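Colleague: Could we go through this model together? I would like to hear the reasoning behind the words used for it.

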Amino acid sequence: MPELPEVEVVRRGLERWVTGRTVAEVQVLHPRAVRRHLAGGEDFAVRLQGHRVGAARRRGKYLWLPLEDTAASVLGHLGMSGQLLVQPETAPDEKHLRIRVRFDDALGTELRFVDQRTFGGLSLHDNAADGLPDVIAHIARDPLDPLFDDDAFCAALRLRRTTVKRALLDQSLISGVGNIYADEALWRARLHYDRPTATLTRPRATELLGHARDVMNAALAVGGTSFDSLYVNVNGESGYFERSLDAYGREDEPCRRCGTAMRRRPWMNRSSYFCPRCQRPPAPRSSR
């Protein structure tokens, strides 16, 4: 699934190429692409037509386009393979094109939602009081948000009765961190993914947050992490952070810090990658 850096790359592209344009026509080419818009594809297309698109916004992994003259926004969910592309109107249709948005200007480009696996989609939602689509109003701020409260996060993290990786992926505590960047931040912090959050000191919690922020900024600087040509920017270009990953996907490769072979363990229907020497597992809990 795309994480904060990949979604932020797309948001910046949309902000540059779509903001301020007025929707002339919407074509829904696959019903699953609008399944989260419960009124259906025809209603989605009609309700967007004639409205001016505001600046693209993001909260964690969630991306949306406000409609300037309404109290609603188009929420984009990329799923496992979704792409929002700004393409010339004359460009051939992509094989997995699901939604096309045309504009009423002479720029000659259109917005396309392409999704091979059809797990993603677009939907229209009313805005909450703070401008977020109401369905994501419960999502916490992310570490790159200027209003993110470091002190509140560290205090809440240490009070959670859970393990550290589970906490990092809890979108009600901190948003934008997924499996890849959680493993990267934990490797940098030398913390095992099953370390109980209650055992973290305040300095260690602060250090972990700093590593999460640093690794996502580093990924963002090179366009995010792209696998199998997925999670491209609006021009179809892939990110290159995969080449800089220290933990994720590096099973049996030497740890970049100590040389020990990296390990992978199944974890919540996913995988966790870690160094068994640098990130020692927590001591077994007493049965007493």
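Modeller: Happily! Let me begin with handedness: a crossing is right-handed if the near helix is turned clockwise from the far one by less than a right angle, and left-handed if anticlockwise. Please keep in mind that this is a predicted model.

Colleague: Thanks. Which hand does the crossing of α3 and α6 have?

Modeller: The crossing of α3 and α6 is right-handed, so by that rule the near helix is turned clockwise from the far one.

Colleague: And why are α3 and α6 called oblique to each other?

Modeller: Helix α3 (residues 150-159) packs with helix α6 (residues 202-221) at an angle of about 120 degrees, and their axes are 9 Å apart. Roughly perpendicular covers 65 to 115 degrees, and roughly antiparallel needs over 145. The angle of about 120 degrees fits neither class, and α3 and α6 are therefore oblique.

Colleague: Which residues of α3 and α6 meet there?

Modeller: On the α3 side they are Asp 150, Asp 151, Phe 153, Cys 154, Leu 157 and Arg 158, and on the α6 side Arg 202, Ala 205, Thr 206, Leu 209 and Arg 213. By class, this contact of α3 with α6 has 5 nonpolar, 1 polar and 5 charged residues.

Colleague: What makes α1 and α6 oblique as well?

Modeller: The angle between α1 and α6 is about 45 degrees, with the axes 9 Å apart. Roughly parallel would require under 35 degrees, and roughly perpendicular starts at 65, so α1 and α6 count as oblique. This crossing, too, is right-handed. From α1, the contact uses Leu 4, Pro 5, Glu 8, Val 9 and Arg 12; from α6, Met 216, Ala 219 and Leu 220. The contact of α1 with α6 divides into 6 nonpolar, no polar and 2 charged residues.

Colleague: Now the sheet. What makes β2 and β8 edge strands?

Modeller: The open sheet has 4 strands in the order β2-β3-β4-β8, with antiparallel pairing. Strands β2 (57-59) and β8 (121-126) each pair on one side only, and that makes them the edges. From one strand to the next, the twist averages 30 degrees.

Colleague: How do you know that β3 and β4 are paired?

Modeller: Pairing needs at least two bridges, and 4 bridges join β3 (residues 62-66) to β4 (residues 72-77), so the two strands qualify. For one of them, look at Leu 65, whose bridge partner in β4 is Val 74.

Colleague: Which helices lie on these strands?

Modeller: Helix α1 (residues 4-17) packs on the sheet and touches β2 and β3, its direction making about 15 degrees with that of β3. Helix α2 (residues 41-48) lies across β4 and β8, at about 65 degrees to β8.

Colleague: Why is α5 described as largely enclosed?

Modeller: In helix α5 (residues 179-189), 10 of the 11 residues are buried, so the rest of the structure largely encloses this helix. Among the buried ones are Ile 180, Tyr 181, Leu 186 and Trp 187. The buried residues of α5 pack against α1, α4 (164-168), α6, β9 and β10. Just after α5, Arg 190 takes a positive phi of about 60 degrees.

Colleague: Why is Thr 22 called buried?

Modeller: The cut-off for buried is under 20% relative accessible area, and Thr 22 has 19%, so Thr 22 is buried. Thr 22 lies in the loop between α1 and β1 (23-28). Leaving aside neighbours within four places in sequence, the contacts of Thr 22 are Gly 50, His 51, Arg 52, Arg 102, Phe 103 and Asp 104.

Colleague: What makes Met 268 partly exposed?

Modeller: Partly exposed lies between the 20% and 50% limits, and Met 268, at 41%, therefore belongs there. Met 268 sits in the loop between β9 (263-267) and β10 (270-274). The C-alpha atoms of Met 268 and Arg 166 are separated by 9.2 Å, with the residues 102 apart along the chain.

Colleague: One last pair: buried or exposed, for Thr 118 and Asp 252?

Modeller: Thr 118 has 12% relative accessibility and so counts as buried, while Asp 252, at 59%, is over the 50% limit and therefore counts as exposed. Thr 118 is in the loop between β7 (109-115) and β8, and Asp 252 in the loop between α6 and β9. Phi is positive at about 55 degrees in Thr 118 and near 70 degrees in Asp 252.

Terms used:
Residues are numbered from 1 along each chain as its sequence is written. This is a predicted model: local features need pLDDT of at least 70, side-chain atom pairs count only at pLDDT 80 or more; totals for chains, interfaces and linings use all residues. Side-chain values use heavy atoms; hydrogens and water are left out. Axes are lines fitted to C-alpha atoms, for helices over the stretch in contact, and angles run from 0 to 180 degrees between N-to-C directions. Contact means heavy atoms within 4.5 Å. Ala, Val, Leu, Ile, Met, Phe, Trp, Tyr, Cys and Pro count as nonpolar, Asp, Glu, Lys and Arg as charged, and the others, Gly among them, as polar. Buried means under 20% relative accessible area, exposed over 50%, partly exposed in between (1.4 Å probe, protein chains only).
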